[in-house]
Amino acid sequence: MKLIRGGYSPSNKRGRNWMSAMGVLSIVMAAIIALRWVLNHDIIVGSRDKERASSTAQTYMKTASSVYGDAVKGNITGDENLALVKDSDVIILSIPYDSIEFTCTSISNQLKNGSIVVSPIVPMDKTDAGFTFAPFEKHLKSAGQVVVDNLPQGTKVVSAFHTIAEMKLKNV
Amino acid sequence: MKIGIVGGTGGMGEGFALRWVLNHDIVVGSRDKERASNTAQTYMKTASSVYGDSVKGTITGDDNHALVKDSDVIILSIPYDSIEFTCTSISNQLKNGSIVVSPIVPMDRTDAGFTFAPFEKHLKSAGQAVVDSLPQGTKVVSAFHTIAEMKLKNAPQSLDSDTFVCGDDMDGVTKINSLISEINGLRAIYLGPMKLSYQAEVLTPMLLNASKRNKIKHPGIKII
């Protein structure tokens with residue numbers, strides 16, 4: 001999959017046949033995903049604040065370099081949430097359930113043709129009984145379904161990565 | 001301890017009987033007492049051939065109703081739609097301090113795959129429905145939702161899996177946890193009060209879908 005500008009990357013000496021540009025909206029889970037996939041892909045970490053995104057991306061990239069050394073084939077950069085969407089082959093929505101509608105609506109006309117939107121979103125509440133699953137308790141749609149329903153028809157949406165422990169994923 | 005399995009001639013009944021007969025007396029229930037007795041005899045033969053002399057309990061049959069009054073633990077191996085009727089009819093038979101266990105999972109089979117009926121149709125979880133259909137204060141524990149029937153039956157093979165437990169009465173939960181730990185390779189994971197039972201139950205249609213779509217035989221679940 002491509003580095004940031006989509007498509008293939010034929011000039012690849014290490015034999016990778018494609019690299020994807022991954023846009024990661026919002027920083028929460030980004031560290032995690034960035035540090036795993038930068039081995040083979042270009043990652044764009046998104047934030048509402050471009051400045052913050054860039055400096056965070058630099059920190060992640062340093063970590064990646066110190067962990068993997070020369071084996072890192074991709075890079076990690078930062079951009080604002082909206083801007084990263086148009087270049088990304090895969091867009092991870094690392095956002096809260098309540099932001100789905102707003103975020104999806106605002107990225108709708110930015111999506112690259114054929115790009116895939118991923119929802120790792122889990123709508124939960126913390127109650128006296130323990131953590132509860134909001135769609136069950138409040139008769140709401142699942143996060144994955146809400147994402148589908150708020151993007152243009154035909155957009156490729158995949159729901160995954162819900163049960164991965166953040167600390168383990170970070171620990172590359 | 002005396003363990004009664006309502007609806008024990010089908011489904012998970014055989015597996016429970018074969019696992020627990022090592023240390024407990026099991027009563028397998030059916031609407032038809034005759035059928036219950038015959039099935040119990042078959043289970044008992046299997047138990048003897050598997051365990052030999054180490055079997056300390058017995059497996060007998062009785063009708064669903066009659067077994068309740070003597071049982072310390074009652075496993076409801078019944079469909080979701082029968083909960084209200086069954087619970088109402090056993091309500092005045094329950095022995096003081098007995099524990100009612102719900103391994104019930106309300107599922108539907110659809111084109112998309114197995115679905116969890118309480119989520120799709122805005123119904124109560126099975127565990128909650130059992131609580132609400134029994135006299136207030138009855139000890140109810142929700143457990144055993146995700147155990148593959150074939151593996152449970154195959155005593156004494158290790159299940160190498162977890163089962164998730166919900167319940168409001170900690171004495172009941174503790175006793176069921178102990179029954180869980182008597183099953184080879186099964187670990188009890190307490191989730192919280194019965195209000196959370198849907199979280200344990202929903203794992204069954206999830207596992208069945210995972211199994212079917214990814215060709216995983218007799219799937220179980222284990223927290224790592």
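Student: Which residues of helix α4 of chain B are buried?
Tutor: This is a predicted model. Helix α4 of chain B spans residues 83–90. Its buried residues are Ile83(B), Thr86(B), Cys87(B) and Ile90(B).

Student: Why do these residues lie on the same side of α4(B)?
Tutor: Look at their directions around the helix axis. Phe85(B) and Thr88(B), on the other side, are exposed. The buried residues share one side because they cover an arc of only 95°.

Student: What do the buried residues of α4(B) pack against?
Tutor: The partners are strands and helices of chain B. The strands are β1 (2–6) and β4 (73–76). The helices are α3 (64–68) and α6 (126–133).

Student: At what angle do the axes of α4(B) and α6(B) cross?
Tutor: The two axes come within 9 Å. The crossing is right-handed. The angle is roughly 35°.

Student: Which residues of α6(B) does α4(B) meet?
Tutor: From α4(B) come Ile83(B), Glu84(B), Cys87(B) and Thr88(B). By class, the contact has five nonpolar, two polar and one charged residues. On the α6(B) side stand Ala126(B), Ala129(B), Val130(B) and Ser133(B).

Student: Now the sheet. Which strands of chain B are its edge strands?
Tutor: The open sheet has eight strands, with mixed pairing. Their order is β3-β2-β1-β4-β5-β8-β9-β10. An edge strand pairs on one side only, and here that holds for β3 (59–63) and β10 of chain B.

Student: What is the average twist from one strand to the next?
Tutor: The twist belongs to the sheet of eight strands in chain B. From one strand to the next, it averages 25°.

Student: Which strands does helix α2 of chain B touch?
Tutor: Helix α2 covers residues 33–51 and packs on the sheet. Its direction makes about 165° with that of β3(B). The strands touched are β2 (25–30) and β3 of chain B.

Student: Do β1(B) and β4(B) run parallel or antiparallel, and what is the bridge partner of Ile3(B)?
Tutor: Four bridges join β1(B) to β4(B), and the two strands run parallel. In β4(B), Ile3(B) has as its partner Val73(B).

Student: Is Ser102(B) buried or exposed?
Tutor: Ser102(B) lies in strand β5 (residues 99–102) of chain B. A residue needs 20 or more C-beta neighbours within 10 Å to count as buried. Ser102(B) has 32 inside 10 Å, so it is buried.

Student: How many Å separate Ser102(B) and Ile83(B) in space?
Tutor: In sequence, the two are 19 residues apart. Take the distance from C-alpha to C-alpha. It is 9.5 Å.

Student: What is the bridge partner of Ser102(B) in β8(B)?
Tutor: Strands β5(B) and β8(B) run parallel, joined by four bridges. Among the residues that Ser102(B) touches are Leu76(B), Val140(B) and Ser142(B). Its bridge partner in β8(B) is Ser142(B).

Student: Which residue of β9(B) stands opposite Ser142(B)?
Tutor: Strand β9 of chain B covers residues 161–167. It pairs with β8(B) in the antiparallel sense, over two bridges. Opposite Ser142(B) stands Cys166(B).

Student: Which residues cover both sides of β8(B)?
Tutor: Strand β8 of chain B spans residues 139–142, and both its faces are covered. Lys139(B) and Val141(B) are buried on one side. Buried on the other are Val140(B) and Ser142(B).

Student: Which elements of chain B give two or more residues to the side that touches chain A?
Tutor: The contact takes nine residues from chain B and six from chain A. By class, the chain B side has five nonpolar, three polar and one charged residues. The elements are β10 (186–192) and α9 (197–201) of chain B.

Definitions and conventions
Residues are numbered from 1 along each chain as its sequence is written. Chains are lettered from A and ligands numbered from 1 in the order in which they are written. This is a predicted model: local features need pLDDT of at least 70, side-chain atom pairs count only at pLDDT 80 or more; totals for chains, interfaces and linings use all residues. A residue is buried if 20 or more other C-beta atoms lie within 10 Å of its own, exposed if 12 or fewer, and partly exposed in between; C-beta atoms are placed from the backbone. The arc is that of the directions from the helix axis to the C-beta atoms. Two residues are in contact if their C-beta atoms, placed from the backbone, lie within 7 Å. Ala, Val, Leu, Ile, Met, Phe, Trp, Tyr, Cys and Pro count as nonpolar, Asp, Glu, Lys and Arg as charged, and the others, Gly among them, as polar. Two strands pair if DSSP finds at least two bridges between them. Axes are lines fitted to C-alpha atoms, for helices over the stretch in contact, and angles run from 0 to 180 degrees between N-to-C directions. A crossing is left-handed if the near helix is turned anticlockwise from the far one by less than a right angle, and right-handed if clockwise. Lists of a residue's contacts leave out its neighbours within four places in sequence.
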